Number of protein chains: 2
Amino acid sequence: MDNQSAPEIGGRELLSDRIRDALTDAIASGDLAAGTALDEQHLAERYGASRTPVREALRQLATAGLVEIRPRRGVVVARLTPERIADMFEVTAEIEALCARLATHRMTPLERGRLMDLHEASAAAVETGDLDAYDRLNRAFHEALYAGTHNAFMAEQALALRERLAAFRRTQLRHGDRIRRSREEHGEILAAVAEGDGEAAARRMRAHMLRAAAALGRYIAETGAG
Amino acid sequence: MDNQSAPEIGGRELLSDRIRDALTDAIASGDLAAGTALDEQHLAERYGASRTPVREALRQLATAGLVEIRPRRGVVVARLTPERIADMFEVTAEIEALCARLATHRMTPLERGRLMDLHEASAAAVETGDLDAYDRLNRAFHEALYAGTHNAFMAEQALALRERLAAFRRTQLRHGDRIRRSREEHGEILAAVAEGDGEAAARRMRAHMLRAAAALGRYIAETGAG
DNA sequence: GTCGGCCGTTCCGTATACAGATTGGTCGAA
DNA sequence: TTCGACCAATCTGTATACGGAACGGCCGAC
């Protein structure tokens, strides 16, 4: 086994969380192929820890759907086929569309104003090509819509789903003029929200997410990851 | 139930899962009030186990949203206010509506036939007043729609959400003629599915779920649980 | 009298130890 | 040769031990 990917998990946060993140990356990047059996002891010595935090990390990954735990029979990496990833993105698109529709009808003027501010601020990031800045504003835009549903549980679910797909979306914006297109689509969504047309906001958000997923899908197809 | 002193949890499955179930019941039933601090050692001796399975159970409850874990600061029972439960039911209603819409467009004739069979079979359960039988068929009806989306991830999410609310829905069907009404609503949903009108199916499913939630909400308000 | 720092206790996060279950292989019998 | 049972190795599930961080109380200073 080629240990090219050094564990290298230094930091101050919880050890189990660091192991979880490391394993998440390893699975999302394809270093750990689908169906691979994960031995707790082996992982423990690989990451320089004991079995206890490794177990906690694996449990978290199981609830995230990245691994599968058969009681007393070990842990295996879940089969993240292109179809499954596509399924996940479809669910995300629908959830985001749902949030957009609800938020359109429920946001306060103050919240709508903040959404517009975020959109305005993102213009500069697009012009300067600041990917990290746009990523933050992009995230803030979507999270503002989550919060705009005035349904805390909905917002949590949407955010959790977004986090879950973050590993696969990492390189999405790096391609072509996806950033500019992304912001344009945000503008169209925002217009529908401003007009109070929830259905249109939902449709445009769904299309927005599916286009982003398609861009990522092409990337995955090229690299053969998964 | 005499859960006054020692909740005896006997069985052959995993100890951590049994503790998780016991804690889930305790929280859903209100035995553990919102905001209660949960001490691992105390829970361990209470359930006659060590801290390890207790920890695993608490982690599972955290991902289920029933408790909140602050690193190095302990675990507290999440605040399941009526508002929060209402939020959860709204999300469930929207997800179910989404599944109904997608399933309408994607189910095969065979799957549609099975859905109709399930609906037909439930008639007998309604007539005889067999609550358990109707509960199974009701569950099967909804799960058939999940599967009908042909999106495995969507089906898993919907099922997980349903499981998560099961603790609060336990007594829902026991009230009045909710069973008969429930089956009638299923019939209306089924009609929309058969006609291929996904939007109507979604609307009717949303209304169906919200009516069930309202019935439960009245029950909760009466008993003061939560 | 009130505020701030010090210290002890408690509890969490992690490490290690032990027991039961599962899996794979090997040996023997038909 | 093939099938079945037994056995050993290994890994998971659980228990226990240890170190450090956080919270509460006490004492001293202003």
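Visitor: What makes chain B and chain A partners here, and how much area do they bury between them?
Guide: About 2,500 Å² is buried between chain B and chain A, and 50% of it lies on carbon and sulfur atoms. Bear in mind that this is a predicted model. The contact takes 28 residues from chain B and 28 residues from chain A.

Visitor: Which three residues of chain B supply more of that buried area than any other three?
Guide: Those are B:L14, B:E56 and B:F153, which supply 23% of the area that chain B buries against chain A.

Visitor: Let's move to the sheet in chain B. Why is it described as open, and what is the order of its strands?
Guide: The order is 1-3-2, with 3 strands and antiparallel pairing. Look at the two ends of that order: strand 1 (37-38) and strand 2 (67-70) of chain B are the edge strands, and each pairs on one side only.

Visitor: How do you know that strand 2 of chain B pairs with strand 3 of chain B?
Guide: Count the bridges. At least two are needed for a pair, and 4 bridges join strand 2 of chain B to strand 3 (residues 74-77) of chain B. That clears the cut-off, so the two strands count as paired. Among the bridge partners are B:I69 with B:V75, and B:E68 with B:V76.

Visitor: What about strand 1 of chain B, and how many bridges does it have to strand 3 of chain B?
Guide: There are 2 bridges, in the antiparallel sense. The cut-off is at least two, so this counts as a pair as well. B:L38 has B:V75 as its bridge partner in strand 3 of chain B.

Visitor: What packs on this sheet in chain B?
Guide: Helix 3 (residues 51-64) of chain B does, touching strand 1, strand 2 and strand 3 of chain B. The direction of helix 3 makes about 110 degrees with that of strand 2 of chain B.

Visitor: And in chain A, why are strand 1 and strand 2 said to stand at the edges?
Guide: Chain A has an open sheet of 3 strands too, in the order 1-3-2 and with antiparallel pairing. Strand 1 (37-38) and strand 2 (67-70) of chain A each have a single partner strand, so one side of each is left without a neighbour in the sheet.

Visitor: Which residue takes a positive phi in the hairpin of strand 2 and strand 3 of chain A?
Guide: A:R72 does, with a phi near 60 degrees, in a hairpin that has 3 residues between the strands. Just beside that, A:R70 has A:G74 as its bridge partner in strand 3 of chain A. In the chain B hairpin of strand 2 and strand 3, B:R72 takes a positive phi near 65 degrees.

Visitor: Is A:C99 buried or exposed, and how do you know?
Guide: Its relative accessible area is 1%. Buried means under 20%, so A:C99 is buried. B:C99 also comes to 1%, so B:C99 counts as buried too.

Visitor: How many disulfides are there over all chains?
Guide: The count comes to 0. A disulfide would need a pair of cysteine sulfur atoms within 2.5 Å.

Visitor: Why is A:D135 called partly exposed?
Guide: A:D135 has 42% relative accessibility. Partly exposed covers the range between 20% and 50%, so the label fits A:D135. A:D135 lies in helix 6 (residues 131-148) of chain A. A:D135 and A:I179 are 44 residues apart in sequence and 9.2 Å apart in space, C-alpha to C-alpha.

Visitor: What is B:E96 called, buried or exposed, and what does B:E96 touch?
Guide: With a relative accessible area of 3%, B:E96 is under the 20% cut-off, so B:E96 is buried. The place of B:E96 is in helix 4 (residues 82-106) of chain B. Leaving out residues up to four places away in sequence, B:E96 touches B:H142, B:Y146, B:R162, B:M205 and B:M209.

Visitor: Which residues touch the most other members of the largest nonpolar core?
Guide: Of the 77 residues in that core, they are A:L23, A:I27, A:L38, A:L58 and B:L58. Take A:L38: beyond its neighbours within four places in sequence, its contacts are A:L32, A:L43, A:L58, A:V67, A:V75 and A:V77. In soluble globular proteins, nonpolar side chains tend to be buried together.

Conventions
Residues numbered from 1 in each chain as written. Chains lettered and ligands numbered in written order. Predicted model: local features only at pLDDT ≥ 70, side-chain atom pairs only at ≥ 80, totals over all residues. Heavy atoms only, no water. Core = buried A, V, L, I, M, F, W, Y, C linked by side-chain atoms within 4.5 Å. Buried < 20%, exposed > 50% of the residue type's maximum accessible area, 1.4 Å probe, protein only. Contact = heavy atoms within 4.5 Å. Axes fitted to C-alpha atoms, helices over the stretch in contact; angles between N-to-C directions. Buried area = accessible area lost by both parts, 1.4 Å probe.
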